[in-house]
Amino acid sequence: MSVANKLRIRNGPYSGREKTLVGEAVTIGRDVEASIQILDRSASRFHCEVFPVGGMWFVRDLESKNGTYVNSEPLEDEELLREGDVIRIGSVELVYETGVAVGDQDSDDRLKWSDDMSLLSNTLEFRVDDLSDIEDQGEGDLRASDDARTLQMLYHIGKMVANGMDSTLPLRVCNYLVSTMPAQCVIIFMRDRRSGKLTPHTLAADDTRTNPVVTRTLIRRVMMENRAILTANAQEDERLNRKDSAVLKGIGSVICVPLSIAGQTRGVLYMARSPGSDAFSQRDLEMVSAAAVQLGLAFQSLDHLRHQRQVLWRAILAMVKIQELRADCLGSGERCARAAVAIGQALQLSSDSLDRLRFAGLLHHIGVIGGPPATQQNLLAHLDAIEDFCLFTPLIHRTHEYRQGQTGPTSEGDVEERVILVASAFEDGLRASPEADAVQLIDRLGKDPRLDGDVLGQLRACHLDGRLYAPESS
């Protein structure tokens, strides 16, 4: 019984698509009629072919313009494919593997282009996801192909912005640019509002083992002149300082564009290729500039969201302090929030998790301090009724269940829950005995099987090194 083989696209817009190899030749290229279509401007319409001979599979180039590579080596003639071999066309990589494709996906669901516009109906219907397939099919119209590539890139970045406006967005965009342009590294530099210094904010690289090298002269010029700059070869660019790292350590082609946020230049988007790689083009500069505009708008939205959270924090903090003054426990909510965030940071939780822990810690005792039980329950019900609070009110309920003895050992998967239970139990102990020794209190909490031992260990470490008492910015 013969063993089936397949080709899997490893990166690019069609990443993850597979094609089973079954007895007949398979063409690869950017034409919609190719057996496997890839979207890369370096690819020819029919770029290469994988074909069988006596149960084995070979690959050959079809006189493509930019050549085919197997395991990073130029393909000179027909070559036998072995398990794990990587075929590269432009920046797109296909892996030769054993097995049957999970689901062969051909070009039937793609939007096909034609020079005869009369063949197209007045109304064109397609799935939104198919926008990622936009690609010119003609060999001669390079400008149209670049327009399609720019539109495709902006669509993908716009989709990332729409799907999740959080602190991970800049890194996701940078990683996408590294693989799409492609580039050796993409770095966002931001000016610190207090010190005025320009510092790295986000870094993505094609090889995490290599430290990217930057040309500071180019970055300074972009910031001072507020205009995008492209250098095809940093080694030979007269605009660069001869003592700059571009000459000392070796940088190839570079694009650097300003990042404008709320009408002010607050940083730069820096992109570089290594010496020996193809130089960036003017069209690449236009594409990166367009991406920088979207990034600037995203940063502006993130700033707005951050400001809203700060206003919300200050408003809730004021109300909590009024409750705490009445119950003679002023500062309890802030201490619990600090403890929860310090533990979360020690566990390397995401910024979104830290934000939820911060608010849950501040409100951990609402419904517990002051007033009769009926009033306490009303306070919790009011919190539950606020839509924006639904991200952290379940954590507050868990602290109440813990106090009432209703909860068992915490789930291994819910780290936030385990952190808030430890932080609130620790603060409850301090609120009950303000003069209690923190280490002894943590030891007592360690005897409770409902509290996580690893989280308690992080609490102890944060106490001993002072992180537990460091001012926590909202």
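The following paragraphs lead through the structure, from its overall composition to its sheets, its cores and one of its pockets.

The model is predicted. The protein contains 12 helices and 16 strands, and 44% of its 474 residues are buried. Among contacts with a separation of 6 or more, 57% join residues 24 or more positions apart. The exposed area of the protein is about 24,500 Å², of which carbon and sulfur atoms supply 50%.

Two open sheets may be considered together. One of them has 6 strands with antiparallel pairing, in the order β2-β1-β11-β10-β7-β8. Its edge strands, each pairing on one side only, are β2 (18-21) and β8 (73-74). At the β8 end, strand β7 (residues 69-70) pairs with β8 in the antiparallel sense over 2 bridges, and Tyr69 has Pro74 in β8 as its bridge partner.

The other open sheet is formed by 5 strands, and its pairing is mixed. The order here is β4-β3-β5-β6-β9, with β4 (36-37) and β9 (79-80) as the edge strands, each of which pairs on one side only. Although the sheet as a whole is mixed, strand β6 (residues 56-61) and β9 pair in the antiparallel sense, over 2 bridges. Within this pairing, Val59 has Glu79 of β9 as its bridge partner.

Further along the chain, strand β12 (residues 185-191) has 6 of its 7 residues buried and is thus mostly covered. Two antiparallel pairings involve this strand. With strand β13 (residues 198-205), β12 forms 7 bridges, and Ile187 stands opposite Leu203 in β13. The hairpin of β12 and β13 has 6 residues between the strands, and Gly196 in this hairpin adopts a positive phi near 80°. With strand β16 (residues 264-272), β12 forms 6 bridges; here Cys185 stands opposite Ala272 in β16.

The buried interior can be described through its nonpolar cores. In soluble globular proteins, nonpolar side chains tend to be buried together. In this model, the largest nonpolar core has 41 residues, and the residues with the most contacts inside it are Leu363, Phe426, Leu451 and Leu459. The elements that contribute two or more residues to this core are α5 (282-327), α6 (332-346), α7 (351-362), α8 (373-385), α9 (393-403), α10 (415-432), α11 (438-445) and α12 (453-465). The most is given by α10, with 8 residues. The surroundings of Leu459 illustrate the packing: when residues up to four places away in sequence are not counted, Leu459 touches Ile343, Val422, Phe426, Ile442 and Leu468. A second core, separate from the largest, has 31 residues, including Ala183, Leu230, Leu269 and Leu285.

Empty space completes the description. Rolling a probe the size of a water molecule over the atoms shows where empty space is left. The second largest pocket holds about 1,200 Å³ of space. This pocket is lined by 30 residues, and those closest to its centre are Ser167, Leu302, Asp303, Leu305 and Arg306. Which elements each supply at least two residues of this lining? They are β12, β13, α5 and α7. Of the elements, α5 gives the most to the lining, with 9 residues. Helix α5 thus appears in two settings, as an element that gives two or more residues to the largest nonpolar core and as a contributor to the lining of the second largest pocket.

Definitions and conventions: Residues numbered from 1 in each chain as written. Predicted model: local features only at pLDDT ≥ 70, side-chain atom pairs only at ≥ 80, totals over all residues. Heavy atoms only, no water. Core = buried A, V, L, I, M, F, W, Y, C linked by side-chain atoms within 4.5 Å. Buried < 20%, exposed > 50% of the residue type's maximum accessible area, 1.4 Å probe, protein only. Helix = DSSP H or I, 4+ residues; strand = E, 2+ residues; numbered from the N terminus. Contact = heavy atoms within 4.5 Å. Pairing = 2+ DSSP bridges. Areas by Shrake-Rupley, 256 points an atom, 1.4 Å probe, with all protein chains shown as cover. 1 Å grid on protein atoms, 1.4 Å probe; cavity = no way out; pocket = protein on both sides within 12 Å on 5 of 7 lines; lining within 4 Å. Points joined across faces, edges and corners; volume = space filled by probe spheres on them.
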